[in-house]
Structure formats: structure tokens, C-alpha cells
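Q: Please take a close look at the nonpolar interior of the chain shown here, and set it in the context of the fold.

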Amino acid sequence: MMIQPFHPEQSPGISTSREILVEAMDRLNINGWIMIGGPGRVVQVDEALIGRRKYHRGRAIEGTWVFGMVDDQGAVRMEVCEKRDKDTLQGSILRNVLPGSIIHSDCWRAYHGLDALGYQHSTVNHSVEFVAQDGTHTQKIGSQWRALHRMFSPGGRKHEDIADYLVEFLWRQKCRR
């Protein structure tokens, strides 16, 4: 049996390698998303604004919020989130993180109440310290944000394309592991 090469022009609606990757990842996730964490495992959560600064100065003024989660074994989950409220972020945690996990976060008020959802929750106050006295930190998810910003830095990305770029980023991270 001879394997035929794939030609994107023969597949309607798929034209770039990123679109091919998104299609392939959708097919690979047919059996459902594998959750990260678990009893006794640490999952760091944080949100970041992916955007551009005007004239490369000052704070980012427009962009897309992305919510990320990474466990102590390096498994990463990221989602575009329109709002950073309690319902949105905790809903994402419930979809992606196994109950019994130890969640490390900053002191953002949307994370309050994770203990009632079956997680052990520890926080670090970044205005005071980078690592809390009990060892809680969010440095692993912070390194994911730096890598994501490096990927997005050349020329920026359109808001509607961010989700596709996140799929590509997560695929590259998985291949490195």
C-alpha cells in the first residue's frame, strides 16, 4: 500500500500549517481532554494579557487574556478567556485540573473558594514576595508566559488568531517533552 502525500490545497478550508495542526489536534482529542494534576500534585495557575504596547513603551493597552495551568510534571493547559472573573477561571480549573490537586496562584480574588471545590489552595502575594514562606510560587507558569510572549513577539497576533497560536504553542511544548 502506498501512502499518498498530504496536499493542503486538496482539503477545503485548510491552507496553512497552523490550520493543519489545529485540525490534527482536534482529531487527536477525540477521546476527550486528559486532565492534569491529581492528589498531592501541584498545579500553578495564572492569567496573562497577550497584547502589544503602543510604540513599544508602557503597559500593554490592548490584547487577549489567556488563562494557563501547568502541573509539577510539566503538563500545560491554556485557554483564551474573555473575562477574568471567578466563574470563568474556576470553570476552567474544574475542566482541566483533577480534584485533590494543590493549586498555587497569586492573590487574585477570582481564585478564592477553590478549597470548597475540592482543591488545596495556596497563594503568593507578588507585591510582597515571589515565593511565599511556605514555598508557594508561580514561577513555572511564569516561564510558560515568557515562552509564549517570545512566540508572539514578531509582529503581534490578531485577537481572533490567538486560539490557533495557543494550539501551536502547546503542541510545540508537548513535542519538547
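To begin with, what percentage of the 177 residues in the chain is buried?

A: Buried residues make up 38% of the 177 residues in the chain, where buried means under 20% relative accessible area, exposed means over 50%, and partly exposed lies in between (1.4 Å probe, protein chains only). The model is predicted: local features need pLDDT of at least 70 and side-chain atom pairs count only at pLDDT 80 or more, while totals for chains, interfaces and linings use all residues. Residues are numbered from 1 along each chain as its sequence is written, and side-chain values use heavy atoms, with hydrogens and water left out.

The chain has four helices and five strands, taken as DSSP runs numbered from the N terminus (helices H or I, at least four residues; strands E, at least two). From the N terminus on, their order is α-β-β-β-α-β-β-α-α. Among contacts with a separation of 6 or more, 53% join residues 24 or more positions apart; a contact here means heavy atoms within 4.5 Å.

The largest nonpolar core contains 17 residues. Such a core is a set of buried Ala, Val, Leu, Ile, Met, Phe, Trp, Tyr and Cys residues joined through side-chain atoms within 4.5 Å. Val-66, Met-78, Trp-145, Leu-148, Phe-152 and Phe-169 touch the most other members. Two or more residues come from each of β1 (42–52), β2 (62–71), β3 (76–80), α3 (139–152) and α4 (162–176), and α3 gives the most, with six residues.

Val-66 shows these connections in detail. Residues up to four places away in sequence aside, Val-66 touches Asp-46, Glu-47, Ala-48, Ile-50, Met-78, Glu-79, Val-80, Cys-81, Trp-145, Ile-162 and Leu-166. Cys-81 in turn is included in a second, separate core of 15 residues, together with Leu-89, Tyr-111 and Tyr-119.

Tyr-111 also appears among the contacts of Ser-105, a residue of strand β4 (residues 102–105). Ser-105 is buried, with a relative accessible area of 0%. Leaving aside neighbours within four places in sequence, Ser-105 is in contact with Val-45, Tyr-111, His-121, Ser-122, Thr-123, Val-124 and Thr-138.

Ser-122 leads on to the loop between β5 (120–123) and α3, where Gly-135 lies. The C-alpha atoms of Gly-135 and Ser-122 are 9.3 Å apart, with their positions 13 residues apart in sequence numbering. Gly-135 is partly exposed, with a relative accessible area of 33%.
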